[in-house]
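Please look over the sequence and the model shown here. How is such a chain to be read, from its overall form down to single residues?

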Amino acid sequence: MSIIKTTITSDCTCEIYDEETDSTMLDEYGDPKRPDYCYGDCYTESVYDFTENLLKPYAEATGWQLDHPIKVEVSSIGWQRRSGYTFTTLEGLVETLQIDGDFRIQFEYDDEEQSLTAIRYSHDEPTGTGTFTIEHYLPCVKCGDPVPPAVYEEELEMCVQCSHDYFDHKDE
Ligand SMILES: [Zn+2]
Ligand SMILES: [Zn+2]
């Protein structure tokens, strides 16, 4: 059993290699020194790492595809602390959770519970959002809309609407 945690942040995490000491250049506080200008490579790299080291093992363990629909739900988001949900895919998860401006997203993957959750911190969410949870759906074979797995099985891989249309022969 293990819990894998990883953070994706809008802050630059680029490191500068110091040839003289053969290590990462540090600032006066002993933290890694950041370049004056960031081209966003560190962000691209952290999303790549997240996909390789967390999303893919998670997808493999759950038998889910990276492009299958997922429902992302949260109890509190934004300065109004509203609840909400949206549909995306595992591979679109980071894009769905990121915002313009400064933010930090903390992901947690519990490989015993097979749960993947996230919390976002930002200017409007200084103490963090509620926990984002993920529910798996399947794409309707007719219209592509997300369908809960139980319905998917029941309605012959269709959403309820398409299934009704199909059996009412409305599509003929
Ligand atoms: Zn950077
Ligand atoms: Zn449908």
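The dialogue below moves from the whole chain to its domains, its core, one hairpin and a few single residues.

Q: Which conventions apply to the model and its numbering?
A: This is a predicted model, in which local features need pLDDT of at least 70, side-chain atom pairs count only at pLDDT 80 or more, and totals for chains, interfaces and linings use all residues. Residues are numbered from 1 along each chain as its sequence is written, while chains are lettered from A and ligands numbered from 1 in the order in which they are written.

Q: How many helices and strands does the chain have, and in which pattern do they follow one another?
A: Helices (H or I, at least four residues) and strands (E, at least two) are DSSP runs, numbered from the N terminus. Here the chain has four helices and 10 strands. Along the sequence they follow the pattern β-β-β-α-β-β-α-β-β-β-β-β-α-α.

Q: What does the radius of gyration say about the chain as a whole?
A: The radius of gyration is taken over C-alpha atoms and set against the globule rule, 2.2 Å times the number of residues to the power 0.38. For this chain of 172 residues the radius is 20 Å, well over the 16 Å given by the rule, so the chain is more spread out than a compact globule. Along the principal axes, the C-alpha atoms fill a box of roughly 75 × 35 × 35 Å.

Q: Where do the domains lie, and how many residues of each take part in the contact?
A: Domain bounds come from an automatic or database domain assignment. The division is into domain 1 (3-136) and domain 2 (138-172), and their centres, taken over C-alpha atoms, are 33 Å apart. Five residues from domain 1 and four residues from domain 2 make the contact, where two residues count as touching if their C-beta atoms, placed from the backbone, lie within 7 Å. On the domain 1 side, the residues divide into two nonpolar, two polar and one charged. In this division Ala, Val, Leu, Ile, Met, Phe, Trp, Tyr, Cys and Pro count as nonpolar, Asp, Glu, Lys and Arg as charged, and the others, Gly among them, as polar.

Q: What share of the residues is buried?
A: A residue is buried if 20 or more other C-beta atoms lie within 10 Å of its own, exposed if 12 or fewer, and partly exposed in between, with C-beta atoms placed from the backbone. Buried residues account for 16% of the 172 residues in the chain.

Q: Which residues of the largest nonpolar core touch the most other members, and where does this core lie?
A: A nonpolar core is a set of buried Ala, Val, Leu, Ile, Met, Phe, Trp, Tyr and Cys residues joined through C-beta atoms within 7 Å. The largest one has 22 residues, and L90, L97, I105, F107, A118, C140 and C159 touch the most other members. Two or more residues come from each of α1 (41-62), β4 (69-77), α2 (93-97), β6 (103-110) and β7 (115-122). This core lies between domain 1 (3-136) and domain 2 (138-172), because both give residues to it.

Q: How are β6 and β7 joined, and how do the side chains of β7 point?
A: Two strands pair if DSSP finds at least two bridges between them. In this case β6 and β7 run antiparallel and are joined by eight bridges, with F107 opposite A118 in β7. In a regular strand the side chains alternate between the two faces of the sheet. Along β7, L116, A118, R120 and S122 point to one face and are buried, whereas S115, T117, I119 and Y121 point to the other and are not. Leaving out residues up to four places away in sequence, A118 touches L97, I105, Q106, F107 and F132.

Q: Which residues other than glycine have a positive phi, and are they buried or exposed?
A: Among them is Q114, in the turn of the hairpin formed by β6 and β7 with four residues between them; its phi is about 55°. Q114 is exposed, with 12 other C-beta atoms within 10 Å. Another is D22, with phi near 55°, placed in the loop between β2 (17-18) and β3 (23-24). D22 is exposed, with 7 other C-beta atoms within 10 Å.

Q: Which residues does P149 contact beyond its sequence neighbours?
A: P149 belongs to helix α3 (residues 149-154) and counts as exposed, because it has 12 C-beta neighbours inside 10 Å. Apart from neighbours within four places in sequence, P149 is in contact with H136 and L138.
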